[in-house]
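Hi there,

Here's the structure I promised to pass on. Have a look at it first, and then read my notes below.

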Amino acid sequence: MTVRKWMMNSAFWNPKTETLERDELRALQLAKLRRVATWAQERSPFYKKHFAAAGFDPEQLRTFADIDRIPFLTREAWMASQLAFPPFGELPVAGADSAIRLHTTSGTSGKQPLRALDSRKDWSWSAEMWCYALWAAGVRSTDIAYVAFGYGSFIGFWGLHNGLEKIGALTIPGGAQTTPARVKQIIDFGATVVASTPTYALRLAQEAEALGYDLAASPVRVVMLSGEPVPESTRQLIEQQWGAIALDTAGMTEISTIFMFEPADKPGGCHIIEDSFIEQVIDPETGLELPYGEAGERVTTSFGRGMIPLLRYRTADLVVKLPHTAAANGRTWDFYEGGIIGRVDDMKLVRGTNVYPRAIEGIVRTYAEVDEFQIEILREGIRDEIVLRLETVEAFDDERWDSLHESLRVDLADAHEGLRFKIDRAAAGSLPRYELKARRLTDSRPTN
């Protein structure tokens, strides 16, 4: 798809599908669902057995509600298939000789990472999904875009890079460089768009300050975020440091691209790319779909990746879906309020209280005195304890530590049913910094 002059003033990358009436959208999704289910049954050894075991046949997809007949796919089942039929398992519809790309998940527990193959057509589709997000953010062919990413086998911003090129923006790959080197390139090349994880956007800003650069006065006007949940306080801090609008997106290695994006008008969440995905929100215990406004687990069905069909995949992402009418920006696609809230399996129970890393970050980032932090849950005797270790900014006055400590302690307790956090001060530079997904919570409690 070539960007034409008439598109430049449009708010939509694909006006036809982004503003489709809901009944027409449902009809389109049902037609695509039938096609991909049939494709999977005929060509994927895994799905042929998976469907047969559940008594499902694509011919049963007569109405949209029949999607619930399709059995869930889990990460565990995918991994088990890889172990039984190495190296790629039985999900792919063809062998590696039909693929042009291989990506793996990051931080996978177990013996090996999850491996995903893409064909040339798949990868073109991946870039198209990113174009929805980039265009909605106001990115155009006149922009200079810097991708602060290491370009490894983790899928990261690979698709975004291709999407930028498709739009026609001048695209600069950050590559395997140090953070100071990337900051200098952002400034030297006059970047107007920067893409990174939320954590790394903060790290870049910290390094820029140390180098004497004023990012807020630079040409950067859009910061594209992905890879982690973005609490509002974190977003506000990024926007303050960069003097730019910060917009959320989210994707997965399992689908090879993004499935949602936040447009420049910030409707309070991220629109689901519903012409290419069916996103359901279920009760993680019962598996039943939840109504709008209730928090639950994301279940995704993808229409774009042909090499590895993905039908009713349980993601473990925690989300709240709202109807498109709550956005009022012309898009008829539903959206996730606040983007990805966290992970269903991220929730920790500490002395009877539910604790989510994102909620803690949302409080900590309201304190400008905090530079970096880590959370550890441990057992002392018979009692569980939660410890927040934090570094303060370089200009912090040591005499204010007691005041900061007490204020944080009260705010954290108020947000967690009175749960008492231990708060320790860490030495400058002692806590880890992250380029990709941050891992700020460690549960050190014994498992037995």
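What follows is a walk through the things I found in it. Keep in mind that this is a predicted model.

**The pocket**

Let's begin with some empty space. Rolling a probe the size of a water molecule over the atoms shows where such space is left. The second largest pocket here has a volume of about 760 Å³. Its lining is made of 30 residues, and those nearest the centre are Gln206, Glu209, Gln241, Asp371 and Val393. If you sort the lining by class, you get 13 nonpolar, six polar and 11 charged residues.

Which elements supply at least two residues each to that lining? They are helix H8 (198-211), helix H9 (232-242), strand E17 (370-380) and strand E18 (383-392). H8 gives the largest share, with nine residues.

**Strand E7 and its neighbours**

Now find strand E7, residues 245-252. Is this strand mostly covered or mostly open? It is mostly covered, since six of its eight residues are buried. E7 has a partner in strand E6 (residues 222-225), and the two run parallel, paired over four bridges. To spot this on screen, look for Val222, which stands opposite Ile245 in E7. H9, the helix you met at the pocket, belongs here too: E6, H9 and E7 form a right-handed β-α-β unit.

E7 also pairs with strand E8 (residues 257-261), this time in the antiparallel sense and again over four bridges. Here the pair to look for is Ala250 and, opposite it, Met260 in E8. One thing to remember while you look: in a regular strand the side chains alternate between the two faces of the sheet.

**Ser256 and Ser126**

E7 and E8 make a hairpin with four residues between the strands. Ser256 sits in that loop between E7 and E8. What is unusual to look for at Ser256 is its backbone: phi is positive, about 75°, although the residue is not a glycine. Is Ser256 buried or exposed? Its relative accessibility is 2%, so Ser256 counts as buried, the cut-off being under 20%.

Ser256 leads us to another serine, Ser126, in helix H5. Ser126 has a relative accessible area of 0%, so this residue is buried as well. Leaving out residues up to four places away in sequence, Ser126 touches Gly159, Ser256 and Thr257.

**Helix H6**

Gly159 takes us on to helix H6 (residues 158-167), where the buried residues are Gly159, Leu160, His161, Gly163, Leu164 and Ile167. What do these buried residues pack against? The list is helix H5 (120-136), strand E3 (144-147), strand E4 (170-173), strand E5 (193-196) and E6. Just after H6 comes Gly168, with a positive phi of about 105°.

**A few more spots to visit**

- Arg312, in strand E12 (residues 310-322), has a positive phi of about 55° and is not a glycine. With 5% relative accessibility, Arg312 counts as buried.
- Ser81 is part of helix H4 (residues 75-84). At 6% relative accessibility, Ser81 is buried too. Not counting residues up to four places away in sequence, Ser81 is in contact with Phe46, Gly89, Glu90 and Leu91.
- Pro86 and Pro87 are joined by a cis peptide bond, with omega at about 0°. You'll find Pro87 in the loop between H4 and strand E1 (101-104).
- Val183 lies in helix H7 (residues 179-188). Its relative accessibility is 1%, so Val183 counts as buried. Once residues up to four places away in sequence are set aside, Val183 touches Leu204, Glu207, Ala208, Leu211 and Tyr213.

Last one: how far apart are the C-alpha atoms of Val183 and Ala80? They are separated by 42 Å, and the two residues are 103 residues apart along the chain.

If you want a route through the model, I'd start at E7. From there you can step to E6 through the parallel pairing, or to E8 through the antiparallel one. Then go through Ser256 to Ser126, which touches it, and on to the buried residues of H6, Gly159 among them.

Have fun clicking around!

Cheers

Note on methods. Residues are numbered from 1 along each chain as its sequence is written. This is a predicted model: local features need pLDDT of at least 70, side-chain atom pairs count only at pLDDT 80 or more; totals for chains, interfaces and linings use all residues. Side-chain values use heavy atoms; hydrogens and water are left out. On a 1 Å grid over the protein atoms alone, a cavity is a set of points where a 1.4 Å probe fits but cannot get out, and a pocket is an open set with protein on both sides within 12 Å along at least five of seven lines; lining residues have an atom within 4 Å of a point. Grid points are joined across faces, edges and corners, and a volume is the space filled by probe spheres set on the points. Ala, Val, Leu, Ile, Met, Phe, Trp, Tyr, Cys and Pro count as nonpolar, Asp, Glu, Lys and Arg as charged, and the others, Gly among them, as polar. Buried means under 20% relative accessible area, exposed over 50%, partly exposed in between (1.4 Å probe, protein chains only). Two strands pair if DSSP finds at least two bridges between them. A crossover is right-handed if, with the strands pointing away from the viewer, the path from the first strand over the helix to the second runs clockwise. Contact means heavy atoms within 4.5 Å.
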